[in-house]
Amino acid sequence: MNILVTGGNGQLGCSIKKISTQYPAHKFLFTDVPEVDITDLNLLRDLVRKESIGAIINCAAFTAVDKAEDCQELAAKINIDGPKNLAIAAHEVGAKLVHISTDYVFGGKSSLPLKESDETAPIGVYGKTKRAGEIEVEKTGCDAIVIRTAWLYSEYGNNFVKTMLRLGHERESLNVVYDQIGTPTYATDLAYAIMTLLEKGFKGFDTYHFSNEGVISWYDFTKAIFEIAGYKTTVGAIESYEYPTKAERPAYSVLNKKKIKTAGVKVPYWRDSLKECMSILLAEK
Ligand SMILES: NC(=O)c1ccc[n+]([C@@H]2O[C@H](COP(=O)([O-])OP(=O)(O)OC[C@H]3O[C@@H](n4cnc5c(N)ncnc54)[C@H](OP(=O)(O)O)[C@@H]3O)[C@@H](O)[C@H]2O)c1
């Protein structure tokens, strides 16, 4: 199958590129804004025909959560029109679409792990545009799956693990919020999950949740990062109001992974995956 990966230079795109050599039966075409802007429907239409694309994995998104509050139009163009265009182009040639979404489609008020069928209630521009993008994909009638993930990190780009490794190296102490609860996701694990679902095949529209296994706060995550790195940096536990951000964060973002596990996807424990990613990051230092 010829697989088009959009947003290929981002964290998830690079992680798919890393594992793509393990799937020699498929030909991957990795693209990012300069080659394929997902807001350009005509370009997508031409490309999927010319390259005989059988599946699209959309890793492209406007992911800057705080910046989205000031750039509503651009966030909407990329997070709503983008996946809609991809779904239209895919539908026209009978290709499948895997679209990546987020825990931010929920409002964070739950106290139980969130199921795919739970009501969405996004609280900021990023979450609202990502939810609207999911709806647009479904409306096209394309064979598509939406995978909602959370707290994504990897050895690529900017993410929480890399920021904490830098800060832990520079500072003797720092404060991190302990009242936002969720589960980290190693992008390599998500990349394998995507490939498992794609190879299994699907018809119609469906939604899945994927993160790593377990439940922690950002404070616990930081403590684990420093422990694995061997840093002695002191970590203080603070509340969200003591670290104000432009966009409100969901307080509770734990995703229920039962459905994706039943579909045959492996969900590694967050700490095992963190160790795997950090062994790569620390070796690069
Ligand atoms: N990061 C997280 O914690 C997190 C959590 C939950 C869900 N997600 C979702 O997971 C997916 C992957 O996230 P990620 O962290 O890998 O994102 P990322 O690192 O920000 O990568 C996104 C990529 O998309 C590109 N892009 C932006 N606009 C585009 C356009 N119009 N056409 C084509 N490409 C475009 C970006 O290019 P530029 O850099 O040049 O803009 C970037 O290379 C996204 O759907 C995101 O919403 C992420």
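User: Leaving aside its neighbours within four places in sequence, which residues is Gln11 in contact with?

Analyst: Good place to start! In this predicted model, Gln11 sits in helix α1. One residue far off in sequence is Tyr156, 145 residues along the chain from Gln11, with 5.2 Å between their C-alpha atoms. Leaving aside neighbours within four places in sequence, the contacts of Gln11 are Leu152, Ser154, Tyr156, Gly157, Asn159 and Ala187.

User: Is Gln11 buried or exposed?

Analyst: Let's count its surroundings. A residue is called buried if 20 or more other C-beta atoms lie within 10 Å of its own. Gln11 has 23 of them within 10 Å, so Gln11 is buried.

User: Which residues come nearest to the ligand?

Analyst: Start with the elements around the ligand: α1, α3 and β4 each supply at least two residues of its shell. By class, that shell has 11 nonpolar, 11 polar and four charged residues. Of the 26 residues around the ligand, those that come nearest are Gly7, Gly10, Gln11, Ala60 and Leu152.

User: Why are the buried residues of α5 on the same side of the helix?

Analyst: First, let's name them: Val161, Met164 and Gly168 are the buried residues of α5, which spans residues 160–170. They lie on the same side of α5 because the arc they cover around the axis is only 60 degrees.

User: What covers the buried residues of α5, and which exposed residues does the face turned away carry?

Analyst: Take the two faces in turn. The cover over the buried residues of α5 includes β6, α7 and α9. On the face turned away from the buried side, the exposed residues are Arg166, His169 and Glu170.

User: At roughly what angle do the axes of α2 and α3 cross?

Analyst: We can look at the contact before the angle. Leu41, Leu44, Arg45, Val48 and Arg49 of α2 meet residues of α3, including Asn85, Leu86 and Ile88. By class, this contact has eight nonpolar, one polar and three charged residues. The crossing is right-handed, and the axes, which come within 9 Å, cross at roughly 35 degrees.

User: Leaving aside its neighbours within four places in sequence, which residues is Thr140 in contact with?

Analyst: Thr140 is found in helix α4, and with 20 C-beta neighbours inside 10 Å it counts as buried. Its C-alpha atom is 7.4 Å from that of Lys84, although the two are 56 residues apart along the chain. Leaving aside neighbours within four places in sequence, the contacts of Thr140 are Lys84, Ala87, Ile88 and His91.

Technical notes. Residues are numbered from 1 along each chain as its sequence is written. This is a predicted model: local features need pLDDT of at least 70, side-chain atom pairs count only at pLDDT 80 or more; totals for chains, interfaces and linings use all residues. A residue is buried if 20 or more other C-beta atoms lie within 10 Å of its own, exposed if 12 or fewer, and partly exposed in between; C-beta atoms are placed from the backbone. Helices (H or I, at least four residues) and strands (E, at least two) are DSSP runs, numbered from the N terminus. The arc is that of the directions from the helix axis to the C-beta atoms. Two residues are in contact if their C-beta atoms, placed from the backbone, lie within 7 Å. A residue is near a molecule or strand if its C-beta atom, placed from the backbone, lies within 6 Å of it. Ala, Val, Leu, Ile, Met, Phe, Trp, Tyr, Cys and Pro count as nonpolar, Asp, Glu, Lys and Arg as charged, and the others, Gly among them, as polar. Axes are lines fitted to C-alpha atoms, for helices over the stretch in contact, and angles run from 0 to 180 degrees between N-to-C directions. A crossing is left-handed if the near helix is turned anticlockwise from the far one by less than a right angle, and right-handed if clockwise.
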